[in-house]
Amino acid sequence: MTERLHHTTARIDAAQEPPAPARPALRVIHQPDEIDLAAAEAAAGQFLTALGISTASESLRGTPGRMARAYAELFSPRPFDLTTFPNDEGYDELVLARRIPVRSVCEHHLLPFVGTAHVGYLPGARILGLSKLARVVEHFACRPQVQERLTKQVADWLQTHLEAKGVGVVIEAEHSCMTLRGVQATGSSTMTSTLLGLLRSDARSRSEFLALTGVTH
């Protein structure tokens, strides 16, 4: 009996219009210039020597190679598929991912800055797989950066590829170029934001986004 019902259902479905083909996922790849780890290791060794740091000891002998591999990793985001889905239910409220870890490198001193990002959007015709919000942040963070540019790049990219009604990005990070050198402002953090579409123009939507991220406004 179950099998007959199964076949009957199949015939009814076949008589209906075929579903629209799924939109292929966008493969996102950041392709840096060719990485030459051997040359980077040699340069790191020369850099340390020029600063008066000998790499002759057993504990420091491998440091230039480790430096080269570490920076190569920091500058190489993982590729990912930007998977989106039809917004069949017409969901029109805010979608927000909070406290996404941010790890990047200040382009002025090549010292790390770390913190968190809050990324939200008001859906249009399509919605985004939630993990992809973190992937987009990583994609733009894995390169020499300034926080202001990083914040805007994430927001602009999501607005373009999602065709969202609004996008908001807030990043709060601690910069070791401020805390470990120069002014040595230990414990200080920097906050940047970019609001697009309704999250910029509509006061109620903007207030909701900022309140949910915990940003004082």
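**Pockets and helix pairs in a predicted model**

Visitor: Which element gives the most to the lining of the largest pocket?
Guide: With 5 residues, the element that gives the most to the lining of the largest pocket is α2. The structure is a predicted model. The volume of the largest pocket is about 380 Å³. Two elements, α2 (37-50) and α3 (63-74), give two or more residues to its lining, and the one that gives the most is α2.

Visitor: Which residues lie closest to the centre of the largest pocket?
Guide: The pocket in question has a volume of about 380 Å³. It is lined by 15 residues, and those closest to its centre are Ala-40, Met-67, Tyr-71, Phe-75 and Leu-110.

Visitor: How many residues in the lining of the largest pocket are nonpolar?
Guide: The lining includes 1 polar and 1 charged residue. The nonpolar residues of this lining number 13.

Visitor: How are α2 and α3 oriented to each other?
Guide: The axes of α2 and α3 come within 8 Å and cross at roughly 120°. Angles of 65 to 115 degrees count as roughly perpendicular and those over 145 as roughly antiparallel. The crossing angle of α2 and α3 therefore makes the two helices oblique.

Visitor: What is the handedness of the crossing of α2 and α3, and how many residues of their contact are charged?
Guide: The crossing of α2 and α3 is right-handed. On the α2 side the contact includes Leu-37, Ala-40 and Glu-41, and on the α3 side Met-67, Ala-68 and Arg-69 are among the residues involved. By class, the contact of α2 with α3 holds 9 nonpolar and 3 polar residues, while the charged residues number 2.

Visitor: How are helices α4 and α5 oriented to each other?
Guide: Helix α4 (residues 131-141) and helix α5 (residues 147-162) have axes that come within 9 Å and cross at roughly 130°. Angles over 145 degrees count as roughly antiparallel. The crossing angle of α4 and α5 therefore makes these helices oblique.

Visitor: How many nonpolar residues does the contact of α4 with α5 have?
Guide: The crossing of α4 and α5 is right-handed. From α4, Leu-133, Val-136, Val-137, Phe-140 and Ala-141 meet Leu-150, Gln-153, Val-154, Trp-157 and Leu-158 of α5. This contact of α4 with α5 has no charged residues and 1 polar residue, and its nonpolar residues number 9.

Visitor: Which element gives the most to the lining of the second largest pocket?
Guide: The second largest pocket holds about 160 Å³ of space. Both β4 (95-106) and α4 supply at least two residues of its lining. With 5 residues, the element that gives the most is α4.

Visitor: How many charged residues does the lining of the second largest pocket have?
Guide: Among the residues lining the second largest pocket are Arg-78, Arg-103, Arg-135 and Glu-138. The lining has 7 nonpolar and no polar residues, and its charged residues number 4.

How values were computed:
Residues numbered from 1 in each chain as written. Predicted model: local features only at pLDDT ≥ 70, side-chain atom pairs only at ≥ 80, totals over all residues. Heavy atoms only, no water. Axes fitted to C-alpha atoms, helices over the stretch in contact; angles between N-to-C directions. Helix = DSSP H or I, 4+ residues; strand = E, 2+ residues; numbered from the N terminus. Parallel < 35°, antiparallel > 145°, perpendicular 65-115°, else oblique. Left-handed = near helix turned anticlockwise from the far one by under 90°. Contact = heavy atoms within 4.5 Å. Nonpolar A, V, L, I, M, F, W, Y, C, P; charged D, E, K, R; others polar. 1 Å grid on protein atoms, 1.4 Å probe; cavity = no way out; pocket = protein on both sides within 12 Å on 5 of 7 lines; lining within 4 Å. Points joined across faces, edges and corners; volume = space filled by probe spheres on them.
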